[in-house]
Amino acid sequence: MSSDRWIRRYHPTESAPVRLVCFPHAGGSASYWHPLSTVLRPEVDVLAVQYPGRQDRFTETPLTDIGELAAQVVTALGRPDGRPLALLGHSMGAVIAYETARRLERTGAGPAHLFVSGRRAPDRGRPETIHRLGEEELVAHTAALGGTDPSLLADPEIRALALPALRADYAALAGYRPDPPRPLGCPVTALVGDADPVTSEEDARAWERYSGGAFELDVFPGGHFYLNGRHEEIAAVVSHHLKALA
């Protein structure tokens, strides 16, 4: 089944009153959200998206189209189960979460809340050329963002497994052409690190025009991966909004 390939549930909680679908960053995998799932259980049923081309899907060809990624997630989620659904994406995952929200709304099953982290609003676009970098430059860029242990990418075998998916994800971002800004039918919460080198507070605040309800911007100490080691704080922000849904 599509859901078996695309969705991971590390702490299945069928009795939780709300579901949260989490989308990883470029080069990231579903397991990035395991710590947050641990903190949010059992009040929230956390579903983490696994893109093709990584971890247990490493034999699959990575997708290079944001719209196709979002469409596949919608298919994998299947029919609504009666519980409110919220989406949370970090970096590239924020873009895919947004496009997933738009597609869910077309089916009449739009999300009740969208959380976007570490990513500028779609209409604040700028040229994306990272996918064209040479291998060493791509590794250096990834290490500079702080999301990956540099010693891992120094291993030739790990590098050979990780870089194709990473490059494909950046190619997907480079080819992304969003529609003109249009509010979703749900509130939006943006999260960002105060020292993020790729997403400024103003970039994050621009998500307000995409909100169909209340908008909130939460700024945390740290860079692009400010979430690392701060799962309790992130969970508190998410729980604050999800409790109202439940």
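Select Q55 in this predicted model; Q55 sits in the loop between β3 and α3. The phi of Q55 is near 45°, a positive value in a residue other than glycine. Most residues other than glycine have a negative phi. At a relative accessibility of 41%, Q55 counts as partly exposed.

Next, select S91, in the loop between β4 and α4. S91 has a positive phi of about 60°, although S91 is not a glycine. Buried or partly exposed: which word fits S91? With 11% relative accessibility, S91 counts as buried.

Now go to the peptide bond between R41 and P42. This bond is cis, with an omega of about -5°. Most peptide bonds are trans. P42 is placed in the loop between α2, residues 34–40, and β3.

**The sheet**

Colour the strands. Seven of them form an open sheet in the order β1-β3-β2-β4-β5-β6-β7, and the pairing is mixed. Which strands stand at the edges? They are β1 (7–8) and β7 (215–220); each has a single partner strand, so one side of each is left without a neighbour in the sheet. Strands of a sheet pair through backbone hydrogen bonds, in either a parallel or an antiparallel arrangement.

Select helix α3 together with the sheet. α3 packs on the sheet and touches β1, β2 (18–23), β3 (44–49) and β4. The direction of α3 makes about 150° with that of β2.

Hide α3 and keep β2 and β3. These two strands run parallel and are joined by five bridges. To find one pair, select V21, whose bridge partner in β3 is L47.

Stay on β2 and show its side chains. How many of the residues of β2 are buried? Six of its six residues are, and β2 is mostly covered. Both faces are covered: V18, L20 and C22 lie on one side, and R19, V21 and F23 on the other, all of them buried.

Move to β4, residues 85–90, and β5, residues 113–117. They pair in the parallel sense over five bridges. Two positions are useful for following the pairing: A86 stands opposite H113 in β5, and L88 has F115 in β5 as its bridge partner.

Now select β5 alone and show its side chains. Five of the five residues of β5 are buried, so this strand is largely enclosed by the rest of the structure. On one side of β5 are H113, F115 and S117, and on the other are L114 and V116; both faces are covered.

**Helices α3 and α4**

Bring back α3, residues 66–77, and add α4, residues 92–106. Two packed helices are described by the angle between their axes and the distance between the axes. The axes of α3 and α4 come within 8 Å and cross at roughly 60°. α3 and α4 are therefore oblique to each other. Their crossing is right-handed.

To see the contact, show side chains on both helices. From α3, select I66, G67, L69, A70, A71, V73, V74 and L77; these meet M92, V95, I96, E99, T100, R103 and L104 in α4. By class, the contact of α3 with α4 has 11 nonpolar, two polar and two charged residues.

**After α3**

Follow the chain into the loop between α3 and β4, where P80 has its place. P80 is exposed, with a relative accessible area of 60%. Which residues does P80 touch, leaving aside those up to four places away in sequence? They are R19 and A109. Select G108 as well: P80 and G108 are 28 residues apart along the chain, and their C-alpha atoms are separated by 9.8 Å.

**Helices α5 and α7**

For the last stop, select α5 (residues 135–145) and α7 (residues 156–174). Their axes come within 11 Å and cross at roughly 80°. That makes α5 roughly perpendicular to α7.

Show side chains here too. In α5, the residues to select are E135, E136, L138, V139, H141, T142 and L145; they meet R159, L163, L166, R167 and Y170 in α7. By class, this contact of α5 with α7 has six nonpolar, two polar and four charged residues.

Methods:
Residues are numbered from 1 along each chain as its sequence is written. This is a predicted model: local features need pLDDT of at least 70, side-chain atom pairs count only at pLDDT 80 or more; totals for chains, interfaces and linings use all residues. Side-chain values use heavy atoms; hydrogens and water are left out. Axes are lines fitted to C-alpha atoms, for helices over the stretch in contact, and angles run from 0 to 180 degrees between N-to-C directions. Helices (H or I, at least four residues) and strands (E, at least two) are DSSP runs, numbered from the N terminus. Angles under 35 degrees count as roughly parallel, over 145 as roughly antiparallel, 65 to 115 as roughly perpendicular and the rest as oblique. A crossing is left-handed if the near helix is turned anticlockwise from the far one by less than a right angle, and right-handed if clockwise. Contact means heavy atoms within 4.5 Å. Ala, Val, Leu, Ile, Met, Phe, Trp, Tyr, Cys and Pro count as nonpolar, Asp, Glu, Lys and Arg as charged, and the others, Gly among them, as polar. Two strands pair if DSSP finds at least two bridges between them. Buried means under 20% relative accessible area, exposed over 50%, partly exposed in between (1.4 Å probe, protein chains only).
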